[in-house]
Amino acid sequence: MTATHILLLIGGYFAVLLLISYFTGKNDTNTDFFKGGKQSPWYLVAFGMVGASLSGVTFISVPGWVEGSQFSYMQVVFGYLVGYFVVAYVLMPIYYRLNVISIYQYLENRFGTVSYKTGAFFFFISRVLGAAFRLFLVAIVLQQFVFEAWNVPFEVTVTLSILLIWIYTFKGGIKTIVWTDTLQTLFMLLSVGLSIYFINQKLDWSFGEFFASEELKEYGKILFADDFFSRNHFIKSFIGGMFITICMTGLDQDMMQKNLTCKSLKDAQKNMVSFSLVLVVVNFVFLLLGALLFIYAAKFNITMPMMDGEPKADLLFPEIALNSGLGMIVAITFMLGLIAAAYSSADSALTSLTTSFCVDFMNIEKKAEIQQNKLRKQTHVGMSVLLIIVIIIFKHVLDRNVIDGLLTVATYTYGPLLGLFAFGIFTKHKVKDKYVWIIALASVVIIATIGSIPPNILGGYEVGYELLPINGLLTFIGLYLIKKN
C-alpha cells in the first residue's frame, strides 16, 4: 500500500466524519457542544466509548506490550472492570444529582473555589498529556509510512492531524463525537478481527489451532503472582488498574462528558456496565493479536521497525499490516482502524479540554450569550495549538512503550483528583480551601520522588501503578490535616 493510497484513504474517512459533523453540528450551540442536548441513546454512548477508551495507544501499543510482558496487561484490565462499577454506582449518581457540565463543579460545591480550580487544573494537565500520548502514536505511524516518503517534517504531520480533528468538532462538540465515536469503534474492531483472520490464514492456522498452539503459550501467561517485588505482580496491577479506571474515567471530564449526555442516570449506568464487560473481551483480543504479530514476524523473519535508530515494538503492527504481503484488505482496514482508534479518543479529548477550560477557568456560563460561542471557538483553537506543541515535545523525550508511559503519567496527575473526590464523598469535613492546591502539589512531588527511586535501593522492589492509590491517600491525609474544626 503506497503513501498515496493511504493519504486518499484518510481523505475519504474524514469526508465521512465531516458529513456526520454537518448534521450533528447544525445548531452550533454551547448546550449541544458541552452536553449533547442530554439526548444521547445509552447503547450508542456505550459502543462509542469502547473506541474512545482503547484509542490508538491500545490499537498499537498493547500488541507491542506482549513482547516484554506477555498477557500481564489483562491483570490491569480486570482491575478496570471493578473500577467501572465504582464509577457507575458511586460517582455517576453525584454528577446527575448536581446536574453539572464540568464534573469538577462538585468540588466547588463541596469545598470551595480553590479546590474546584485545583481539580480542574490537574484534569487539564492529565488530559493534555493523555491526548498527546495518543496522538503522538498515530502521528509517528503516519510519518513513518506516509509522509516520510515525501520528506514532510513530523511537525507538519502533527499539525495536519490536529487540524482535521478541529474541523469536524468545532461546531458540534460532544454531540458530534457521540456519533463519530460509534463509527470509529466499528472500524477499529473490524480492523483487529480481519487482521487476526488474515494472519492466521497466512500461517495456515484456524483460530482454534492458533489458540491451542505452543507458540501462543510462550506469550499467553496472564497471572504474575510469584514475585511481589516485580512491577507486574497481580495485586499491584489489579489495584492500579482499578484506580486508573476510577480516575481516568470517573474523575475525567473527557469520559464523563459522554456519559452526562445520556437521558437519565439509569441509562448512563447501563452504558457504563455494558461497556466495561465488552472492554475486557476486546482487550484480550488485542493481546491475542499482539502474540500473533510476533509469531508471524518470527516465522517470516520480519525485523522490528526502527525509529531514530532504536527498535520500536509499537510499530510492528503497522509494519506487518502495510508491508508484509498480507494484502490490500488488511492494509486498508488497519489504516482505518488506526485512524479511528486514534481520533475517537483525541477528538473527545479536544472537546473536553475546551469544555473544562471554558467552564472551569473562563466561567463561560456567567458571560453574556453573545460572548459565549465566540469564547468557546477561540478556546477550541487554543487547545488545538497546545496539543500540537506537546506532541512535538514527546518525539524528543519519549523513550518507553507508549501505553506504559500513559499509565505512569496517570499515577502522578490523577492522584490529587482521587484524594479530593474521596475526601468529599467519604467524609463530612470541610477544609481550609486556600491550602488545597499546596496539598495536591506536595502529594505529586512526593510520589514523583518515590517513583524515581531505583529498585536496588528498595531491595529490588519495582514501583508500578500502585503509586496512584498511594498518591490519592497522601492527598486525603493532607486534606484531613487542613480540615476545619
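Among contacts in the protein chain between residues at least 6 apart in sequence, 86% join residues at least 24 apart. The model is a predicted one. The protein chain holds 20 helices and 2 strands. Of its 485 residues, 59% count as buried.

**Two helices by length**

Helices H11 and H19 can be set against the span expected at 1.5 Å a residue.

| Helix | Residues | Number of residues | End-to-end C-alpha distance | Expected span |
|---|---|---|---|---|
| H11 | 234-250 | 17 residues | 23 Å | 24 Å |
| H19 | 436-451 | 16 residues | 23 Å | 22 Å |

For H11, the two values agree. For H19, the reach from first C-alpha to last is close to the expected figure.

**Burial in H11**

H11 is largely enclosed by the rest of the structure, because 12 of its 17 residues are buried. Early in the helix, Lys236 and Ser237 are buried. Gly240, Gly241 and Met242 are buried too. The list goes on with Ile244, Thr245, Ile246, Cys247, Met248, Thr249 and Gly250.

**One side of H19**

Which residues of H19 are buried? They are Val436, Ile439, Ala440, Ser443, Val444 and Ile447. These residues cover an arc of only 130° around the axis, so they lie on the same side of H19. The general rule fits here. An α-helix has 3.6 residues a turn, so residues three or four places apart point the same way.

**H6 against H18**

Two packed helices are described by the angle between their axes and the distance between the axes. Helix H6 spans residues 113-145, and helix H18 spans residues 415-426. Their axes come within 9 Å and cross at roughly 145°. The crossing of H6 past H18 is left-handed.

Which residues make this contact? From H6 come Ser115, Thr118, Gly119, Phe122 and Phe123. From H18 come Pro416, Leu417 and Leu420. By type, the contact of H6 with H18 has 5 nonpolar residues, 3 polar and no charged.

**Ile389 in H16**

Ile389 sits in helix H16, which covers residues 369-397. Is Ile389 buried, partly exposed or exposed? Its relative accessible area is 44%, so Ile389 is partly exposed. Buried would need under 20%, and exposed over 50%. Ile389 and Thr159 are 230 residues apart along the chain. Their C-alpha atoms are separated by 9.1 Å.

Note on methods. Residues numbered from 1 in each chain as written. Predicted model: local features only at pLDDT ≥ 70, side-chain atom pairs only at ≥ 80, totals over all residues. Heavy atoms only, no water. Axes fitted to C-alpha atoms, helices over the stretch in contact; angles between N-to-C directions. Helix = DSSP H or I, 4+ residues; strand = E, 2+ residues; numbered from the N terminus. Left-handed = near helix turned anticlockwise from the far one by under 90°. Contact = heavy atoms within 4.5 Å. Nonpolar A, V, L, I, M, F, W, Y, C, P; charged D, E, K, R; others polar. Expected span 1.5 Å × (residues − 1). Buried < 20%, exposed > 50% of the residue type's maximum accessible area, 1.4 Å probe, protein only. Arc of directions from axis to C-beta.
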